Amino acid sequence: LHMGALPRVMPIAPKVRTVGYLPARTMWIKREFESVDFSFILKGRGRLRCGKRSFPIKAPCVFMAWPGVYQEFGPEPEGGTWEQLFMVYDAKLVSMFDSWDIHPAKQPVWPIASPQTVRNLANELIGCLENAQARGMTDRIDRICERLLLESRLEQLPATAPHEAYLDHVRRHLAKNLAQRHDVKYLAREYGMAEVTFRKKWTEWF
């Protein structure tokens, strides 16, 4: 999705120029970049060659491209694939990313600090791409991309209490199946909770 001409309703986050999702990329890229690109590799492995340096790519991780830098990257072994979510920003944002301590000279590749959070955000972003013309969707995409960068670099949060993890899983399940009828007793039993506990914790948490 090319977003440059799409309107923003509440432009706060850095504006994404292009965003895309490739569930099974096979092709290698070999070129000099004119933008700041971030590639989230969610599955698979490969290699990044940046000047005289070479870096292994192993999911889940992020690597970046920088304006004026020639790079070669793609999945390995030959014939392999990787799952890639990518975000492209204008070169004029270089100074901003530099101030965030994001620069290829410092760290062109980094492991994703919170893989499950990033996967959830990636799924949310993919859903936005399917409804890109909706009002405010470009703002959502800008913010999700900013959050993806943030979560990729922050330390993983401590594990939540079991009830909180279960309830969050239920919430995501319900959000994906809004048209269906759901039985509270079944949901409680499915996640190993008494109905009264489920109702109490749900009310407290949400």
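Before I turn to the chain itself, a word on terms: helices (H or I, at least four residues) and strands (E, at least two) are DSSP runs, numbered from the N terminus. With that in hand, I can place D101 in the loop between α1 (94-99) and β8 (109-111). Phi of D101 is near 65°, which is a positive value in a residue other than glycine. As for its surroundings, D101 has a relative accessible area of 44% and is therefore partly exposed, where buried means under 20% relative accessible area, exposed over 50%, and partly exposed in between, with a 1.4 Å probe and protein chains only.

I should say at once that this is a predicted model, in which local features need pLDDT of at least 70 and side-chain atom pairs count only at pLDDT 80 or more, while totals for chains, interfaces and linings use all residues. Residues are numbered from 1 along each chain as its sequence is written, and side-chain values use heavy atoms, with hydrogens and water left out.

Now the overall picture. The chain holds 6 helices and 8 strands, and from the N terminus on its elements run β-β-β-β-β-β-β-α-β-α-α-α-α-α. Its C-alpha atoms fill a box of roughly 60 × 40 × 30 Å, taken along the principal axes. Of the 206 residues in the chain, 39% are buried. If we take contact to mean heavy atoms within 4.5 Å, then among the contacts in the chain with a separation of 6 or more, 75% are between residues 24 or more positions apart.

Let me move to strand β3, residues 36-50, which has several partners; two strands count as paired if DSSP finds at least two bridges between them. With β7, β3 runs antiparallel and is joined by 8 bridges, and here F38 stands opposite M87 in β7. With strand β5, residues 61-65, β3 pairs in the antiparallel sense over 5 bridges, S39 standing opposite F63 in β5. Strand β4, residues 53-58, is also antiparallel to β3, over 6 bridges, and F55 in β4 is the bridge partner of L48. The hairpin of β3 and β4 has 2 residues between the strands, and in it G51 takes a positive phi near 65°. Finally, strand β6, residues 70-75, pairs with β3 in the antiparallel sense over 5 bridges, with E72 in β6 as the bridge partner of R49.

Two of the loops around these strands deserve a look at their peptide bonds. P60 lies in the loop between β4 and β5, and the bond from A59 to P60 is cis, with omega near -5°. P77, in turn, is found in the loop between β6 and β7, and the bond leading to P77 from E76 is cis as well, with omega near 0°.

That brings me to one residue I would like to dwell on, E83, which lies in strand β7, residues 82-89. Is the side chain of this residue, E83, buried or exposed? E83 counts as buried, because its relative accessibility is 6%. The side chains of E83 and R119 are joined by a polar contact of 3.0 Å, a polar contact being a pair of N or O atoms within 3.5 Å, of which, within protein, one must be able to donate a hydrogen and the other to accept it, and for which residues adjacent in sequence count only if both atoms are side-chain atoms. Leaving aside neighbours within four places in sequence, E83 is in contact with Y21, L22, P23, F40, I41, L42, K43 and R119.
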